[in-house]
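I opened my notebook to look at charges and cysteines in a protein chain. Come along and check each entry against the picture.

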Amino acid sequence: MAQAKIQAKMNEAPCSKFSRTLSMADRSGRLLEHLDQLETRVESLREAASAMEQERESILEMIQSIQNSQEMRNISTGEREELTLTANRLMGRTLCVEVSVGTIRSSQQEEALRKATSMIDEIVKKLLGDMDGARHQLLALHSACVTEAPPVPIDQKFQAIVISCALEDQKKIKRRLETLLRNVENAEKNIKIMDHQKLEDPKANGSQ
């Protein structure tokens with residue numbers, strides 16, 4: 001009888017061990033599934049935050065564009081003061097919205113970002129002295145960031161640096177260049193309008 005009980009116990013042991021192993025595998029699978037779901041939510045969160053970050057930049061750019069527009073110069077002083085106050089209020093409220101999406105970078109990516117930022121900063125310094133030349137340089141940098149065939153020659157050195165940057169940094173570099181090019185274009189338009197008005201003034205004075 002005792003021998004029979006021992007034998008029965010020995011027969012149960014492998015089955016019991018197998019059941020525990022299967023249960024652990026099930027738990028591991030469920031945990032992995034939860035982590036996969038969380039990873040999807042994290043990516044969605046980062047994308048939403050990045051979209052908000054871009055929207056903030058876009059709003060600030062539009063407010064600045066209105067503040068510096070020729071239309072603001074062509075209205076009465078009282079209207080301009082009122083609109084300036086409104087624009088400043090909107091600017092202040094927008095700046096109070098702080099959105100930041102951090103990027104995990106390797107040391108190589110950190111160095112690449114530093115070099116890319118430095119190259120752009122150097123061109124920005126030249127804008128006041130040589131706007132047309134700086135614009136062409138910005139176009140060459142921007143061409144290095146697009147996949148389609150660019151209309152201007154690519155800055156090969158800048159392209160190699162940008163490729164070494166983290167993907168999120170590549171997108172931000174491209175957005176910065178696009179913003180700078182829009183600002184330069186708007187500035188050139190305003191200069192042309194102001195210059196055209198100066199040319200018209202003598203005619204108007206001569207006809208009086």
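Here are my entries, in the order I looked things up.

**Entry 1: the kind of model.** I noted before anything else that this is a predicted model.

**Entry 2: disulfides.** I began with a reminder to myself: a disulfide is a covalent bond between the sulfur atoms of two cysteines. How many disulfides does a search of the whole structure find? I wrote down zero. Then I asked why cysteine 165 has no bond to cysteine 145, which holds the closest cysteine sulfur. The two sulfurs are 8.9 Å apart, too far for a bond, since a disulfide needs them within 2.5 Å. I also looked up how covered two of the cysteines are. Cysteine 165 is buried, because its relative accessibility is 4%. Cysteine 96 has 63% relative accessibility, so I put it down as exposed.

**Entry 3: salt bridges.** Side chains of opposite charge can pair when their charged atoms come close. I found nine salt bridges in the structure. One of them joins arginine 182 to glutamate 61, with 2.7 Å between the closest N and O atoms. This pair links distant parts of the chain: arginine 182 lies in helix α7 (residues 167-207) and glutamate 61 in helix α1, 121 residues apart. Are these two buried or exposed, or something in between? Glutamate 61 is buried at 15% relative accessible area, while arginine 182 is partly exposed at 38%.

**Entry 4: helix α4.** Next I looked at glutamate 111 and arginine 114, whose side chains meet in a salt bridge (2.6 Å, N to O). They sit three residues apart in helix α4 (residues 107-125), so about one helical turn separates them. Glutamate 111 is partly exposed at 33% relative accessibility, and arginine 114 is partly exposed at 48%.

I found another salt bridge between glutamate 122 and lysine 125 (3.4 Å, N to O). These residues are also three apart in helix α4, again about one helical turn. Glutamate 122 is partly exposed, with a relative accessible area of 39%, but lysine 125 counts as exposed at 62%. I added that salt bridges with shared partners join Arg105, Glu110 and Asp169 into one network.

**Entry 5: a charged patch.** Which residues form a negative surface patch? I listed Glu33, Asp36, Glu39, Glu43 and Glu47. I picked glutamate 47 for a second look and found it in helix α1 (residues 2-67). Its relative accessibility is 55%, so glutamate 47 counts as exposed.

Key: Residues are numbered from 1 along each chain as its sequence is written. This is a predicted model: local features need pLDDT of at least 70, side-chain atom pairs count only at pLDDT 80 or more; totals for chains, interfaces and linings use all residues. Side-chain values use heavy atoms; hydrogens and water are left out. Patches are made of residues with over 30% relative accessible area and no salt bridge: like charges are joined within 9 Å, nonpolar side chains (Val, Leu, Ile, Met, Phe, Trp, Tyr) within 5 Å. Accessible areas come from the Shrake-Rupley method with a 1.4 Å probe; for residues, only the protein chains shown count as cover. A salt bridge is a side-chain nitrogen of Lys or Arg within 4 Å of a carboxyl oxygen of Asp or Glu. Lys and Arg count as positive and Asp and Glu as negative; His and the chain ends are not counted. The place of a charge is taken as NZ of Lys, CZ of Arg, CG of Asp or CD of Glu. Helices (H or I, at least four residues) and strands (E, at least two) are DSSP runs, numbered from the N terminus. Buried means under 20% relative accessible area, exposed over 50%, partly exposed in between (1.4 Å probe, protein chains only).
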